[in-house]
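This report concerns a ligand site and the metal ions beside it. The sequence and structure are shown first, followed by the findings.

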Amino acid sequence: MAETDRMPDPSARSRAPSLRSALLLALGAGLLLPALGWLAAELALAPGAAEALQRHRAAVLLMVTVQAVAAAGLCLWLLDRRFDWPLQRLLSHLQGLLGGRPLPALQWPAGDDFAPLARQVDGLREHLATLQTQLRASDAQLHKASMLDALTGLPNRALMQELFGHEAAQARRGGRSLALLQIGLDRFRTFNDTLGHAAGDELLSGMGRRLAACVRDADFICRGAGDEFLVLLPGPDGWDRVASAAERLLRAVEEPLELAHAGHVVSLSASVGVAMYPSDGQDFEGLARAAALALDRSKSLGRGLYSFYQPGMDQALRVRIATERELSLALERDEFELHYQPVVDAAAGRVVGCEALLRWRHPRRGLLVPADFIEGARQCGLMCDIDAWVLNAACTDLAHWVGAGLQPGRLAINLSVQQARSPALSDTLRDALQRHGLSPAQLELEITEDTFLQESGGVPRALARWRALGLALTIDDFGTGYSSLSQLKTLRPERLKIDCSLVRGLPAVAEDCALAEAMLAMARALGIEVVAEGVETAAQRDWLLQRGCARQQGHWHGTPVPAPAFEAWLVRDGVAVTETAALPA
Ligand code: C2E
Ligand code: MG
Ligand code: MG
């Protein structure tokens, strides 16, 4: 029954004026009649009438009192009916509204004194109803937004998790499986650090669109954390289908992507980790963890690969996490060291320089190379401290060799992306040179092609500053990154280092030969010197020499060795390097 139906009927108070008139008439009559009696008794002052008069007065007094009490009661009843009932009804209606109950409009007689108030209360009811509708709509929107990733517009992990619950239940009932693919963009962090976050965001949303376009309607894609995307394939009927989906996703990422922010086209690759439900994980978290471990495996194997989860991958991850923890102690415990590898002029047979290469002498795991820990150092924010240590250690060794009358040539130091873009780098370098009594001509800095070929992220500005000090610039790993050759023309590095991966194919692989020849020709035309890295055989050395590339570095000429061994070699063999004078491994 509606709230209003239980309210007293206000139409009853329309009878109140006639009742009032009746009351007044009764009161008037009640007072007038005894008064007339009183007057008559006073006039008839006959003997013996005194007692009668006395009785009459008492009777009249009683009657008047009764009438007055009755009149007061009647008045109170009328007041209650006139004011209290409507107020009670309005109050109860308001309480209902405030309690959030859906109430119908108040039916109120138009001429009533409380009609304006009733209209206000009704207006309030309507307003509250509108607000409630809006609130429900915003609630629905918020819920939807909390399930979508703001940057890419793709569903987020929470939504994927919800959907996984339904799909897993169906798969259990039908005895089918599910595949969860975790996709990670290779080197995204380097890209983000160098090109800047705006370009990074643009890249992520572009990749998100591309990946979404290449999954089937039945598949489900979401953006996970950072540069990771997740794809759920319901009921794949065999590993082949999962593998071909993974391949398709990898190829989609590899298509060049044009970025408005960075102003050029970038080519990226991705790695994929696959976990199967229910064998690799019973719930979403377990399955996602297995996929992440498989992704980790793909990344450690190289780029552009996919891997299926296998038991035992947890152990590898545990090692990596422990490494990151131990890295922060490594600096304190002085566990880093530099190894030096000569750069030779293979035509003249002499050392023209050397490269400082970082090593970590791990207390349990032995000597580690940068691939084992640089990414971990970057992730736990230790790269700047390590960079500072490398610069100081390299300058100390160089100053010592020069002071001892040795001729190590120009010493090359590898810069991290963070260091390369740091505005403070030129001051740091100037201080280091001054402190160790070295000249800028004795040092050269190497930055990778990835780091160099950035138009934003502060690299060119920082680079111009320290080059003004007179330090030479080498582009490392040339031929492996995404190239913008116009940058070469603008920044004019002193040297390019052709990457080991290209040199490896010389002279047997025709494509590598063609690429190496093209690079040599381009560098020659631009007046840039070329160093070939990773020269391991006499055939490679000779092929390069025949094409005018005399500057070489690689195991054929000398492996990287600790500072004392390098010094001993400098003392023993001086500046001459011959085929037989290779450094000990
Ligand atoms: P990179 O600067 O290109 O260094 C050359 C790498 O090739 C070195 O690996 C070196 O040991 C290796 N190498 C030299 N000759 C040969 C050869 O004949 N065959 C093969 N297969 N490899 C050869 P390493 O020392 O493991 O360093 C790897 C990368 O780590 C370096 O590549 C450099 O990018 C980075 N790195 C090394 N030291 C530092 C450092 O002090 N700071 C920073 N930021 N990065 C460093
Ligand atoms: Mg290098
Ligand atoms: Mg290199």
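## Metal site

A metal donor is here an N, O or S atom within 2.8 Å of the metal, or 3.2 Å for Na, K and Ca; water is not among the atoms, so sites may look incomplete. The model is predicted. In it, Asp-476 bridges two magnesium ions, ligand 3 and ligand 2, which lie 4.3 Å apart.

The magnesium ion (ligand 3) is coordinated at 2.0 to 2.5 Å by Asp-476 (OD), Asp-477 (OD), Glu-533 (OE) and Glu-533 (OE). The spacing of these donor residues in sequence is D-D-x55-E. Because Asp-476 belongs to strand S13 and Glu-533 to the loop between strand S15 (529–532) and helix H19 (538–546), the pair ties together parts that are 57 residues apart in sequence. Asp-476 and Glu-533 are both buried.

## Contacts of ligand 1

There are 25 residues around ligand 1, of which Glu-355, Arg-359, Asp-476, Glu-536 and His-555 come nearest.

Two of the metal donors, Asp-476 and Glu-533, also face oxygen atoms of ligand 1: a polar side-chain atom of Asp-476 lies 2.7 Å from one, and a polar side-chain atom of Glu-533 lies 2.9 Å from one. For Arg-359, a side-chain N or O atom is 2.8 Å from an oxygen atom of the ligand. Taken alone, ligand 1 exposes 790 Å², and the protein buries 81% of that.

## Composition of the shell

Elements that give two or more residues to the shell around ligand 1 are strand S9 (350–362), helix H10 (370–379), helix H11 (383–403) and strand S13 (472–478). S9 gives the most, with 4 residues. By class, the shell comprises 11 nonpolar, 6 polar and 8 charged residues.

Methods:
Residues numbered from 1 in each chain as written. Chains lettered and ligands numbered in written order. Predicted model: local features only at pLDDT ≥ 70, side-chain atom pairs only at ≥ 80, totals over all residues. Heavy atoms only, no water. Near = heavy atom within 4 Å. Polar contact = N/O pair within 3.5 Å; in protein donor to acceptor, adjacent residues only side chain to side chain. Areas by Shrake-Rupley, 256 points an atom, 1.4 Å probe, with all protein chains shown as cover. Nonpolar A, V, L, I, M, F, W, Y, C, P; charged D, E, K, R; others polar. Buried < 20%, exposed > 50% of the residue type's maximum accessible area, 1.4 Å probe, protein only.
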